[in-house]
Amino acid sequence: MECSVGKPGAVEGYRYSAAVVNSDVVWTDETLDTYLTAPARMLRGTRMTTGVVRPDDRADIIAYLKTLAAP
Ligand code: HEM
């Protein structure tokens with residue numbers, strides 16, 4: 001899977017909601033952690049309604065996502 005670092009809504013072929021497409025968020029460790037904690041609190045109207053509760057789970061996810069990023 002290709003992963004475009006920093007830009008939201010960048011994976012080709014997935015229809016993102018306007019909440020993601022129109023956001024000016026830049027994905028970093030910090031913004032990803034905030035999003036994954038409570039997606040709709042950060043991007044009102046996102047279709048991702050559930051968050052990842054445990055901080056260590058979020059840290060694991062973010063570390064994994066970084067292995068997918070283009071150099
Ligand atoms: C790798 C961690 C994850 C990331 C970075 C992530 C990010 C995203 C993003 C950016 C969207 C598109 C939202 C939109 O267009 O409004 C999305 C959709 C969604 N996410 Fe996540 N998500 C993750 C994990 C999860 C988990 C663990 C769940 C549920 C337990 C979940 C549930 C959903 C649902 C239900 C959608 C909507 C899918 C659809 O369009 O049909 N996500 N996610």
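Okay, let's start with one definition: a polar contact here is a pair of N or O atoms within 3.5 Å. Keep that in mind for the ligand. And a reminder, this is a predicted model.

So, the ligand. Which side chain has an N or O atom 2.3 Å from an oxygen atom of the ligand? That one is Ser17, and because the cut-off is 3.5 Å, the pair goes down as a polar contact. Thr46 joins in too, with a polar side-chain atom 2.8 Å from a ligand oxygen. Arg47 does it with the backbone instead: one of its backbone N or O atoms sits 2.9 Å from an oxygen atom of the ligand.

As for the secondary structure around the ligand, helix H2, residues 29-37, and helix H4 are the elements that give two or more residues to the shell. If you want the roll call, the ligand is surrounded by Tyr14, Tyr16, Ser17, Val20, Tyr35, Leu36, Thr46, Arg47, Met48, Thr50, Ile61 and Leu65. Sorted by class, that shell has 8 nonpolar, 3 polar and 1 charged residues.

Now the metal. How many donors does the protein offer to the iron atom of the ligand? A single one: the SD atom of Met48, 2.1 Å away. Met48 itself sits in the loop between helix H3, residues 39-42, and helix H4, residues 55-68.

On to the rings. Searching the whole structure turns up 2 aromatic pairs. One is Tyr14 with Tyr16, edge-to-face, with the centres 4.8 Å apart and 75 degrees between the planes. Why do we call that edge-to-face? Because the planes are 75 degrees apart, and anything over 60 gets that label. These two tyrosines also belong to the shell around the ligand. Tyr14 is exposed, because its relative accessible area is 51% and the cut-off is over 50%. Tyr16, at 25% relative accessibility, counts as partly exposed.

Then there's Trp27 with Tyr35, again an edge-to-face pair, at 5.2 Å centre to centre and 65 degrees between the planes. Buried or exposed, these two? Both Trp27 and Tyr35 are buried. And Tyr35 is another residue from the ligand shell.

Let me zoom out for a second. The protein chain has 4 helices and 0 strands, so reading from the N terminus you get α-α-α-α, going by the DSSP runs. Of its 71 residues, 27% count as buried. For those who like contact maps: take the contacts with a separation of 6 or more, and 37% of them come from residues 24 or more positions apart.

Two more residues before I stop. Ser23 is in the loop between helix H1, residues 18-21, and H2. At 17% relative accessibility, Ser23 counts as buried, because that is under 20%. Its side chain reaches the backbone nitrogen of Val25 at 3.4 Å. What does Ser23 contact once we leave aside neighbours within four places in sequence? Pro8, Ala18 and Leu43.

The other one is Glu30, over in helix H2. Glu30 counts as exposed, at 57% relative accessibility. From Glu30 to Ile62 you go 32 residues along the sequence, yet C-alpha to C-alpha they are 9.5 Å apart in space.

That's my tour, thanks.

Technical notes. Residues numbered from 1 in each chain as written. Predicted model: local features only at pLDDT ≥ 70, side-chain atom pairs only at ≥ 80, totals over all residues. Heavy atoms only, no water. Phe/Tyr/Trp six-rings, centres within 6.5 Å; stacked < 30°, edge-to-face > 60°. Buried < 20%, exposed > 50% of the residue type's maximum accessible area, 1.4 Å probe, protein only. Donors = N, O, S within 2.8 Å, 3.2 Å for Na, K, Ca; no water. Near = heavy atom within 4 Å. Polar contact = N/O pair within 3.5 Å; in protein donor to acceptor, adjacent residues only side chain to side chain. Nonpolar A, V, L, I, M, F, W, Y, C, P; charged D, E, K, R; others polar. Contact = heavy atoms within 4.5 Å.
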